[in-house]
Amino acid sequence: MDDYSEITEFLRSIYPAELIDSLSRRPQTKRATPTRPFVTLTYAQSLDGKIAGPGGTQIRLSGNESMALTHRLREIHDFIMVGVGTMLSDDPQLNARIPKLQPLFIQPHPLILDSKLRSSPACKLIRNYKAGVGHQPTFVRSQADDPTILSREKLLVDAGAKVIGGSLDGDGHLDLPSLVSTQVKNSSLMVEGGASVISSFLASGLVDLVVITIAPVFVGAEGVSMMKDMGADFPSFEHVRTKSFGRDVVVVLQRSPSSTS
C-alpha cells in the first residue's frame, strides 16, 4: 500500500463514510448535504505537550509522513482556520501541497481569527490567492470601530483579502459558535491552532474530531504549550484510533455522545 492509499484508508476509518464522501470536493463525487458544521481540530505537539518553541517561534514537529496526513486533511475540508498568533509566527500557507500542489477547487478556504487585524498584507495567504493557488483569505476582526483596526482593514482589503466583523462573546473574545454557524454553515472546518484557538474550540463544544500528531521530541519548559487555558472545562472525548506515521504517532479522539449538543 502506498502512502496516499494508507492515508486514505486511515481517514475512512476515523470519519463516517457518509461524511468523508460529503467532504470530498472532487467534481465526480456526489456530495451529501450535512445538517450541521463538522469541525476537526488538529495540531502537532512534542512529547512534553509543546506546539511551538520559546516565544512562539515556529519549529518543525511533524515528520514527512504525518505532514502528508495533515495536507490530506486540508484537501477534504471546506474551510481551514488559524489564529493571529500562528499568522505572525509561521506565516502559513494553509493549502494542500504535499505530495503535490492540489487544484484550486480542492483547496480549503482560509479563515483567520484576527480581532485587531495584526496580520501582514504581504502574508503568504494573500500572495497565494493572487497567484491562483489558494482561495481568498477571510480575516475576522472585532466589531469595534477602532481607527487603527479600520486602517489595517483597508490595507488587507487593498492587498486582496476579505475582512468581516465578528461578534464578541461575554469575555470579549470572538464568538466562535456564531462565526462557525454564519461562515462555515453546514460545511466542514479544519482548525489548526495555535494555543488560544485550540483551547477556545475545545471549550466551545464545537469540535467533533481531534487529530493529534505526537512527535518523539522534547521542546522544553520555554516552549508554548498546546493549551493556553488549562483550567477550562472541556467536553469529554473518547478514543477512536492510534496509528504510527513514520516516526510520529497520530491519536484520534471523537466527541463523546454525552457531550453532543
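With 261 residues, a compact globule would be expected to have a radius of gyration near 18 Å, and the protein chain comes in at 18 Å, so the two agree. That radius is taken over C-alpha atoms, and the globule rule is 2.2 Å times the number of residues to the power 0.38. This is a predicted model, so local features need pLDDT of at least 70 and side-chain atom pairs count only at pLDDT 80 or more, while totals for chains, interfaces and linings use all residues. Residues are numbered from 1 along each chain as its sequence is written, and side-chain values use heavy atoms, with hydrogens and water left out.

The C-alpha trace spans about 55 × 45 × 35 Å along its principal axes. Some 48% of the 261 residues count as buried (under 20% relative accessible area, 1.4 Å probe, protein chains only). Of the contacts with a separation of 6 or more, 76% join residues 24 or more positions apart; a contact means heavy atoms within 4.5 Å.

As for aromatics, the whole structure holds 2 pairs (Phe, Tyr or six-membered Trp rings with centres within 6.5 Å; planes under 30 degrees apart are stacked, over 60 edge-to-face, the rest tilted). Phenylalanine 10 and phenylalanine 245 have ring centres 5.1 Å apart and planes at 80 degrees, so this pair is edge-to-face. Phenylalanine 10 sits in helix α1 (residues 3–14) and phenylalanine 245 in strand β10 (residues 237–245), so the pair ties together parts 235 residues apart in sequence. Helices (H or I, at least four residues) and strands (E, at least two) are DSSP runs, numbered from the N terminus. Both phenylalanine 10 and phenylalanine 245 are buried.

Definitions and conventions
Buried means under 20% relative accessible area, exposed over 50%, partly exposed in between (1.4 Å probe, protein chains only).
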